[in-house]
Amino acid sequence: MLIMKKLNLEPSEPYGTHIGPALILNGILRSSQPLDLHCVFHGSIEGTFIKISRNAKIEADLLRARQVIIAGQIKGYMSVSEEIVILPNASVKSDIKVSCLHIIEGAQFEGKIRMAEFSPDDKSQTEDKGH
């Protein structure tokens with residue numbers, strides 16, 4: 001019997017921030033609420049649930065979160081404690097440390113994947129960039 005997990009593509013709580021497509025941002029972005037990114041961003045991102053929407057272009061020195069949904073483009077390193085979902089037409093050039101990864105048909109992925117279990121006080125999630 002084949003059991004398929006239903007993918008959760010939306011956060012359990014409302015988005016705390018939507019950053020629109022008219023913005024180009026550089027720096028450090030941190031949020032304790034879900035983020036919905038439609039922008040161009042260069043830097044580091046830390047959050048709980050991060051959605052990289054279809055037209056977003058992200059270059060991340062480090063993206064750290066519990067869950068990440070990718071419909072747009074991302075380059076850089078990701079450390080994600082629960083799951084990453086890469087949707088059709090998304091483009092990912094990234095080295096990834098994650099517990100669970102879903103790459104949906106039609107998505108593009110280039111990089112290394114390190115499947116890892118995270119503990120609540122796992123310091124390597126903040127310190128290990130895997131290079």
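User: So buried means under 20% relative accessible area, exposed over 50%, and partly exposed is what's in between. Where does Glu10 land, then?

Analyst: This is a predicted model, to be clear. Glu10 has a relative accessible area of 37%, so it falls in the partly exposed class.

User: Which side chain does Glu10 meet in a salt bridge?

Analyst: That's Lys51, at 3.3 Å from N to O. Lys51 sits in strand S5 and Glu10 in the segment before S1, so this bridge ties together parts 41 residues apart in sequence.

User: How many salt bridges are there in total?

Analyst: Four. Among them are Arg30 with Glu46, at 3.5 Å, and Arg64 with Glu46, at 2.4 Å. Arg30, Glu46 and Arg64 are linked in a network.

User: Which strands do Arg30 and Glu46 come from?

Analyst: Arg30 lies in S2 (residues 24-30) and Glu46 in S4 (residues 40-46), so that bridge joins parts 16 residues apart. Arg64 is in S6 (residues 57-70), 18 residues from Glu46.

User: And are those three buried or exposed?

Analyst: A mix. Arg30 is exposed at 61%, Glu46 is partly exposed at 29%, and Arg64 counts as buried at 13%.

User: Switching topic: what's up with Asp36?

Analyst: Asp36, in strand S3 (residues 35-37), is buried yet has no salt bridge. The nearest side chain of opposite charge is Lys51, 4.8 Å away. A salt bridge needs the nitrogen within 4 Å of a carboxyl oxygen, so that pair doesn't qualify.

User: OK, so what does the Asp36 side chain make a polar contact with?

Analyst: The side chain of His18, at 3.0 Å. Leaving aside neighbours within four places in sequence, Asp36 is in contact with residues including Tyr15, Thr17, Ile19 and Ser53.

User: Tyr15, hm. Which residue does Tyr15 form an aromatic pair with?

Analyst: Phe49. The structure holds one aromatic pair, and Tyr15 with Phe49 is edge-to-face, 6.2 Å centre to centre with 65° between the planes. Tyr15 is in the segment before S1 (17-19) and Phe49 in S5 (residues 49-52), 34 residues apart. Tyr15 and Phe49 are both buried.

User: Zooming out, what's the secondary structure of the chain?

Analyst: 10 strands and one helix, with the helix coming after the strands from the N terminus on. Of the 131 residues, 43% count as buried.

User: And how much accessible surface does the chain have?

Analyst: About 7600 Å², 51% of it belonging to carbon and sulfur atoms.

Key: Residues are numbered from 1 along each chain as its sequence is written. This is a predicted model: local features need pLDDT of at least 70, side-chain atom pairs count only at pLDDT 80 or more; totals for chains, interfaces and linings use all residues. Side-chain values use heavy atoms; hydrogens and water are left out. Helices (H or I, at least four residues) and strands (E, at least two) are DSSP runs, numbered from the N terminus. Buried means under 20% relative accessible area, exposed over 50%, partly exposed in between (1.4 Å probe, protein chains only). Accessible areas come from the Shrake-Rupley method with a 1.4 Å probe; for residues, only the protein chains shown count as cover. Rings of Phe, Tyr and Trp (its six-membered ring) pair if their centres lie within 6.5 Å; planes under 30 degrees apart count as stacked, over 60 as edge-to-face and the rest as tilted. Lys and Arg count as positive and Asp and Glu as negative; His and the chain ends are not counted. A polar contact is a pair of N or O atoms within 3.5 Å; within protein, one must be able to donate a hydrogen and the other to accept it, and residues adjacent in sequence count only if both atoms are side-chain atoms. Contact means heavy atoms within 4.5 Å.
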